[in-house]
Amino acid sequence: MIKFNLRLAVVIIPCFTLFSACNSGNNDQSKSTAVLDTVSLSSKSFALAYQDGSKIVATSIDTMKQISFGGATDPAISPNGNKLAYTVSDSIGNRSIWVADLESKSQLQLQANSKNYHHAVWSPSGNKIAFNLYNDKGIWKVAVIKTDNTGLLVLDNKSAANLYSPTWKSETEVTAHDLKNIYTFDAAGKIINTKAIVELLGSDYRIAGSNSLFFTSDGKKLIFNAGFGSQVAELKGQAESVFVLDVSTKKISRISPEGLNVPYVFLTADNRIFFSGAEKPFTQSKIYVSDLDGNIKTLVNKGTNPTGTLK
């Protein structure tokens with residue numbers, strides 16, 4: 001049995017809060033337990049979650065209120081800031097997604113009929129979560145589930161194509177890509193639109209499975225991160241950057257500054273761009289937020305994989 005225990009306390013900076021986790025050596029995640037204690041967060045305002053080394057941190061946008069906890073990855077804060085989804089790994093490499101209610105202190109494991117599922121992404125309403133799932137045929141798929149653990153739907157489960165990095169185009173539409181195409185699925189899991197990535201972006205941008213492609217709420221722009229430009233010796237490949245594509249004109253503009261390697265980007269439903277990146281020698285990553293015009297603000301001086309709430 002995996003024992004996944006979380007202890008929570010909240011204080012205002014200059015001290016930040018501790019939210020600790022520990023795992024036992026057993027591997028049956030269906031019997032995992034979790035305990036939150038000490039305080040309610042109903043009066044707190046969390047707007048950002050990110051990874052800081054081996055810890056996850058949830059914080060207000062001004063970073064004056066924080067909690068942190070270890071033993072988990074892939075932080076995803078809900079649009080209203082009251083819940084946090086994250087990935088827990090066991091000792092043999094199985095991964096599962098958990099959701100903590102930061103107000104009631106309850107937690108649950110999403111039930112996905114898989115031993116390997118991760119990278120939760122909340123729908124704009126916060127009522128559903130999309131995520132990557134490794135199915136019984138050894139293929140990566142995208143699944144959607146309601147936050148009460150009902151209505152599990154695996155998208156395109158019968159095909160042999162791998163699907164990566166799900167995002168929400170709207171409350172009823174999910175997008176994902178297979179390195180060559182971006183697919184839009186409706187609420188029933190049917191493909192309703194397919195766009196070739198090379199036709200949208202051209203051939204100068206390298207898309208990997210970990211790269212996310214987000215449509216803005218009106219569908220007129222595509223925010224994405226991708227490898228671009230010359231090879232960088234320290235990275236043993238191209239640096240990744242954040243770009244915005246105007247879908248109608250095909251014009252692409254860079255959002256992240258030159259010289260910054262950006263392996264992670266996230267777009268909120270109100271079209272704010274959160275991303276993490278590092279400058280040469282690429283040893284410490286900072287977290288930034290930008291609008292669609294590229295007006296950037298540094299939020300955190302050390303962190304990766306940010307997700308944000310609605311304003």
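Reader: In the hairpin of β20 and β21, which residue takes a positive phi?
Author: Strands are DSSP runs of E with at least two residues, helices are runs of H or I with at least four, and both are numbered from the N terminus. The hairpin has four residues between its two strands. The residue with a positive phi, near 55°, is Lys-236.

Reader: What pLDDT do local features need in this predicted model?
Author: Residues are numbered from 1 along each chain as its sequence is written, and side-chain values use heavy atoms, with hydrogens and water left out. The model is predicted, totals for chains, interfaces and linings use all residues, side-chain atom pairs count only at pLDDT 80 or more, and local features need a pLDDT of at least 70.

Reader: Over which residues does pLDDT stay under 50?
Author: pLDDT is the predictor's confidence in each residue, from 0 to 100. The chain has a mean of 86, and 86% of its residues reach 70 or more. The model still has 131 contacts (heavy atoms within 4.5 Å) beyond four places in sequence for the stretch where pLDDT stays under 50, residues 1-44.

Reader: How many bridges join β20 and β21?
Author: Two strands pair if DSSP finds at least two bridges between them. β20 and β21 (residues 237-246) pair in the antiparallel sense. One bridge links Ala-226 with Ser-241 in β21. The count for the pair is nine.

Reader: Which residue stands opposite Phe-215 in β20?
Author: β19 (residues 213-215) pairs with β20 (residues 221-232) in the antiparallel sense over three bridges. The two strands form a hairpin with five residues between them, and Gly-219 in the turn has a positive phi of about 75°. In β20, the residue opposite Phe-215 is Leu-222.

Reader: Is Gly-227 buried or exposed?
Author: Gly-227 is in strand β20. Buried means under 20% relative accessible area, exposed over 50%, and partly exposed in between, with a 1.4 Å probe and protein chains only. Because the relative accessible area of Gly-227 is 0%, this residue is buried.

Reader: What distance separates the C-alpha atoms of Gly-227 and Val-262?
Author: Leaving aside residues up to four places away in sequence, Gly-227 touches Asp-204, Tyr-205, Arg-206, Gln-238, Ala-239 and Glu-240. Val-262 is 35 residues from Gly-227 along the chain, and their C-alpha atoms are separated by 8.9 Å.

Reader: Which residue shares a side-chain polar contact with Ser-96?
Author: Ser-96 lies in strand β9 (residues 95-101), and counts as buried because its relative accessibility is 0%. A polar contact is a pair of N or O atoms within 3.5 Å; within protein, one must be able to donate a hydrogen and the other to accept it, and residues adjacent in sequence count only if both atoms are side-chain atoms. At 3.3 Å, the side-chain partner of Ser-96 is Trp-98.

Reader: Which are the edge strands of the open sheet β15-β16-β17-β18?
Author: This open sheet of four strands has antiparallel pairing. Inside it, β16 (residues 173-177) and β17 (residues 181-185) pair over four bridges, with Thr-175 opposite Thr-184 in β17. Pairing on one side only marks the edge strands, β15 (164-170) and β18 (191-196).

Reader: How many strands does the chain have?
Author: Of the 311 residues, 50% count as buried. Among contacts between residues at least 6 apart in sequence, 42% join residues at least 24 apart. The secondary structure comes to one helix and a number of strands, namely 27.
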